[in-house]
Each structure stands twice: as C-alpha cells, then as structure tokens.
Amino acid sequence: MNAKEYAQKRVDDKLLGYKIRPKLFPGEDSYFKQNPNVAGMANFETNDIILNPYSKDRNMESVAMNEAMRLKMRKEGFVPDIEISDEQRQFFKGTEYEGNDDAIKETIFARIYSKDSSANATEDQMKAYNEYIGK
C-alpha cells in the first residue's frame, strides 16, 4: 500500500466507512452560502458527509469525523443515554439543537469522537462514550 492509499484508508477509518461527497446538491450549496458558520453536515438521506466550501473553519477532518459519528449513530438507531449538563444546555441555547435533547446528546458524542473540546464532556458522558465505542 503506498502512502496515498494508506492516508486514504486512515481517513476512511476515522470516518467510520462514510464518504465525503464532493459535489453539493443545489439546496445544500445555497444553505452553505447563507450559513458559512456551518462547517459541514451529515446527509441522512444519502448517508454521506458534506462540507461547506464557504466555511472559514479549516479543521475539516474534525468536522468530517463529527458528521461520520452522527451517521453511525443514526444508522444504528442509537441515542446516547446520558444527562446533559447545565453548561452544555447553555452552550446550545439559541442553536438549532436547543430543545432537542437527542440531538444534543448525539452532538456531545460526535464531538467527543472528533476531539472537539466544545463537547465539554462530563466524566459520566466519557464513560458512556467509551462503552459505546468498546473501550
């Protein structure tokens, strides 16, 4: 396996087998143009990851990993059985996640997976995450 093949395999491993779709559908492109603060998302209809070409976020690998974990949980019908801290609820206030506990829980696990410090995971959440991924 050459370096390029190995690098791609490592990316595939981190993305849990999900692919990044390079071509955006017209509605996705319009949405991303209007929302440059959204770095990417999981497309649950096509089971792939799309990244925002208009985003200033340069850590696209982390974004893709985050979205891959969302796809995995959705495919498995898994919603983390965790408590959301007051601090985490405050963090998501005013976002599309506010009032959607399942989405917040999935986001916390996805951010733990992608090593995004904004997850601000509690000890119990980390334990639940490690149980989920088999650590």
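Me: What makes Arg-21, Glu-28 and Asp-48 a network in this predicted model?

Reply: In this model, which is predicted, Arg-21, Glu-28 and Asp-48 are linked in a network of salt bridges. One of the links joins the side chains of Asp-48 and Arg-21, with 2.8 Å from N to O.

Me: Why is the contact of Asp-48 and Arg-21 called a salt bridge?

Reply: A salt bridge asks for a side-chain nitrogen of Lys or Arg within 4 Å of a carboxyl oxygen of Asp or Glu. The pair of Asp-48 and Arg-21 stands at 2.8 Å, N to O, and therefore the name applies. By this rule the count comes to six salt bridges.

Me: What parts does the pair of Asp-48 and Arg-21 tie together?

Reply: Asp-48 belongs to strand β2 (residues 48-51), while Arg-21 sits in the loop between α1 (3-14) and α2 (26-34), so the salt bridge ties together parts that are 27 residues apart in sequence.

Me: How do you know whether Asp-48 and Arg-21 are buried or exposed?

Reply: Buried means under 20% relative accessible area. Asp-48 has 10% and Arg-21 has 13%, so both residues count as buried.

Me: Why is Glu-76 called partly exposed, and what does Glu-76 meet?

Reply: The relative accessibility of Glu-76 is 43%, and since partly exposed covers the range between 20% and 50%, Glu-76 falls into that class. The side chain of Glu-76 meets that of Lys-72 in a salt bridge of 2.7 Å, N to O, and Lys-72, with a relative accessible area of 21%, is partly exposed as well. Both residues lie in helix α3 (residues 60-76), four residues apart, which is about one turn of the helix.

Me: What makes the pair of Arg-89 and Asp-101 a link between distant parts of the chain?

Reply: The side chains of Arg-89 and Asp-101 meet in a salt bridge at 2.8 Å, N to O. Arg-89 lies in helix α4 (residues 86-92) and Asp-101 in helix α5 (residues 101-113), 12 residues apart, and the pair thus links distant parts of the chain. Arg-89 is partly exposed at 37%, and Asp-101 is partly exposed at 31%.

Me: How do you know where the buried residues of α6 lie around the helix?

Reply: In helix α6 (residues 123-133), the residues Gln-125, Ala-128, Tyr-129 and Tyr-132 are buried. Seen down the axis of α6, these buried residues fall within an arc of 100°, so they line one face of the helix. They pack against α3, α4 and α5, whereas the face turned away from the buried side carries the exposed residues Glu-123, Lys-127 and Glu-131.

Terms used: Residues are numbered from 1 along each chain as its sequence is written. This is a predicted model: local features need pLDDT of at least 70, side-chain atom pairs count only at pLDDT 80 or more; totals for chains, interfaces and linings use all residues. Side-chain values use heavy atoms; hydrogens and water are left out. Helices (H or I, at least four residues) and strands (E, at least two) are DSSP runs, numbered from the N terminus. Buried means under 20% relative accessible area, exposed over 50%, partly exposed in between (1.4 Å probe, protein chains only). The arc is that of the directions from the helix axis to the C-beta atoms. Contact means heavy atoms within 4.5 Å.
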